Amino acid sequence: MPDAAVLDVPLSLDRRVLAALEAAARGGGDSSCRDLLAQLPAASRSSARGVVLGAGYSLWHASWPVPVPPSMGWLIEPGRVRRLTWQPRLRVIGGQPHLECLLDTPAPSRRLSIAVLTERQQLRLIRLGAPAPVSGLGALLARTGGEAGAARAVGDWLRALKPFLPGAPDAARALLEAERLHRRPAAAAGGDPRGAAPDQPFGIGIDYALPLPDGSVVVKGWLRDPLAMLAGLTATTAFGTSVEVACHTHPDPARPGQRLLFGRSQPTRDPGTGTHLTLAARLAGGHRVELVPPQPPLSASDQRDLLLRSIPVEALSGPGGAALLDGGLAPALAALQAAHRQGPRVAAVRRIGDPPTRPAWSVIVPLYRNLRFLRHQAAAFALDRSLAAAELVYVLDSPEQAEQLEHMLLGLHRAFGIAAQLVVHTRNFGFASAINSGVAASTGSRLLLLNSDVIPLAEPTAWLPRLQRHLDRTDNGVVGAKLLFDDDSLQHAGLHWALDEQGEWYNRHYHKGYPRDHAPACRSRSVPAVTGACLAVRRASFDQVGGICEDYVIGDYEDSDFCLKIRAAGGDCRYAADVELYHMERQSIREHAAYHRTAACHYNRRLHHGRWASAIAGIEAAFARSPAR
């Protein structure tokens, strides 16, 4: 596109045009002004080069024949003439003068022109051509001054715009965007955000982009965008389908000045897990930044664990945490958890010794990684003759330990005569799945769900018959025991709920940390719920409510959920104060890398609250006057 043509108008015509322009700008008619403009030579009607900046602003650039600064300017539009909002600027680049002008007109077109008066009272006329998008700003300015000159030109305009930012936010945003991308495009397209200068107004990076089993896409990364330049994020699948990613941001606790970027798209019809994605960030001024994330993990399980580890728990526990969960994290985790549960579950079932043929009890012990307390638990079982008639079922949720565990159980059988059944999972499915697998492999009419870090006291024995007496007093209910820390302080005397700072119900244990003989904990009673670390239930009741819910990730809140299902089915939850066991608490779950210091607990709490908030409020109100509190 040719540069603007500039014409020196004879003095007499110059004065007449100037007077007509001023009269028209004050509200007078513009017909005389247009008549005078029509007398100008055709050479003055050449087009200037310009770019659109956001909504309603444009930047124009033209060569200037003499190094004389402009003093004022007018915009000549169809039907009116007005003074320019911003003074045109003279710039000398490479020894040649150039004119730059910022306009605040909503729709630049070929029907516009600008008239500029120099400090020598000479009038210049420049006609405008069709502007280019803002992505051409760098090329426009570099055309005369090179790369360095272009960056300086944009920076100068940024400084000139500062007094007008409240009135021209789109123009300022577009100019800042152009400067950011033109000066340092590599930093805008990815890389380490800590390497970017703090005065650079835009940066984005993608840690991962996961195609989910339902065809949706989840994205996590970082964003530095104080001027809200990011207009949208688009993901394109390996099959060519493009989908808009709804983004949410949250302050990054680890990186001041930056925000966590998390987004999820609507489902597509493309296959999900295993495909690679490309992303494009659309900016408000018209730029498009291509982003290539790393290759995602192939399995839904690995994708779920990556998602859990990548969101700082500080971001979920503070203000905005619920919005971050609901805005994409929770639906993504739900989809991945559902996919994680699919596939063959039981790899092997092995018998150690001869289990009882018609047991009254089946004791289900889930195992994951931590086998340290198994020998202590088995020794306590061996000292209690009442357990000889119980069926013992171990469920190993870390199959890489199968040989080690089988060897250990064989040793315990030879030493104590303990018979057991070992169910080995194909991979880690989580606490709920382990319990359900163990129940499916068992035969007893009564079930005891028992953690591997729960150890009966040496005295008194016969704790299981006492637990049975409490269970026989309930109709379709559950019973929990008194659990102690290793210093004999209380770990569990029944479970109830309290509201956190965000208004969500979370699990609490009655009298936790109090002395073992604390009076309220020495009374058996009905309680809102009991822990799953030691929970007795009839098989018929377990089956009636569908077993332990497997929607929760890894292990947390399933026991509370199960008790609430029992209550919803008309059953009761009882606390047995005369049944005492030690509980080392959370010895196995802390071994799971995707649980410790990850989003799992927050996700489970949010899921639990969403399902049961109304029921919990009613139960808590009913127990409000309980002397157990």
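**Close-up 1. Strand 10 pairs with strand 13 in this predicted model.** Strand 10 covers residues 217–224. It joins strand 13 through 6 bridges. The two strands run antiparallel. One pair to look for is lysine 220 with its bridge partner in strand 13, phenylalanine 262.

**Close-up 2. Strand 13 and its other partner, strand 12.** Strand 12 spans residues 242–251. Here 7 bridges make the connection, and the direction is again antiparallel. Valine 245 stands opposite serine 265 of strand 13. Strand 13 itself takes in residues 259–265. This strand is mostly covered, with 6 of its 7 residues buried. In a regular strand, side chains alternate between the two faces of the sheet.

**Close-up 3. The open sheet of 7 strands.** The strand order is 9-10-13-12-11-14-15. Pairing is antiparallel. Strand 9 (203–211) and strand 15 (288–291) stand at the edges. Each has a single partner strand, so one side of each is left without a neighbour in the sheet. From one strand to the next, the twist averages 25°.

**Close-up 4. Edge strand 9 against strand 10, with helix 6 on the sheet.** Strand 9 and strand 10 share 8 bridges in the antiparallel sense. Alanine 209 has valine 219 in strand 10 as its bridge partner. Helix 6, residues 300–310, packs on the sheet. Helix 6 touches strand 9, strand 10 and strand 13. The direction of helix 6 makes about 150° with that of strand 9.

**Close-up 5. Helix 8 across the strands.** Which strands does helix 8 lie across? Helix 8 (residues 321–340) lies across strand 10, strand 12 and strand 13. It runs at about 40° to strand 13.

**Close-up 6. Helix 9 and helix 10 cross.** Helix 9 holds residues 374–383, and helix 10 holds residues 402–416. Their axes come within 11 Å. The crossing angle is roughly 25°. Angles under 35 degrees count as roughly parallel, and helix 9 and helix 10 are therefore roughly parallel to each other. The crossing is right-handed.

**Close-up 7. Residues at the contact of helix 9 with helix 10.** Helix 9 contributes Leu374, Arg375, Ala378, Ala379 and Ala382. From helix 10 come Leu405, Met408, Leu409, Leu412 and Phe416. By class, this contact has 9 nonpolar residues, 1 charged residue and no polar residues.

Conventions. Residues numbered from 1 in each chain as written. Predicted model: local features only at pLDDT ≥ 70, side-chain atom pairs only at ≥ 80, totals over all residues. Heavy atoms only, no water. Axes fitted to C-alpha atoms, helices over the stretch in contact; angles between N-to-C directions. Helix = DSSP H or I, 4+ residues; strand = E, 2+ residues; numbered from the N terminus. Parallel < 35°, antiparallel > 145°, perpendicular 65-115°, else oblique. Left-handed = near helix turned anticlockwise from the far one by under 90°. Contact = heavy atoms within 4.5 Å. Nonpolar A, V, L, I, M, F, W, Y, C, P; charged D, E, K, R; others polar. Buried < 20%, exposed > 50% of the residue type's maximum accessible area, 1.4 Å probe, protein only. Pairing = 2+ DSSP bridges.
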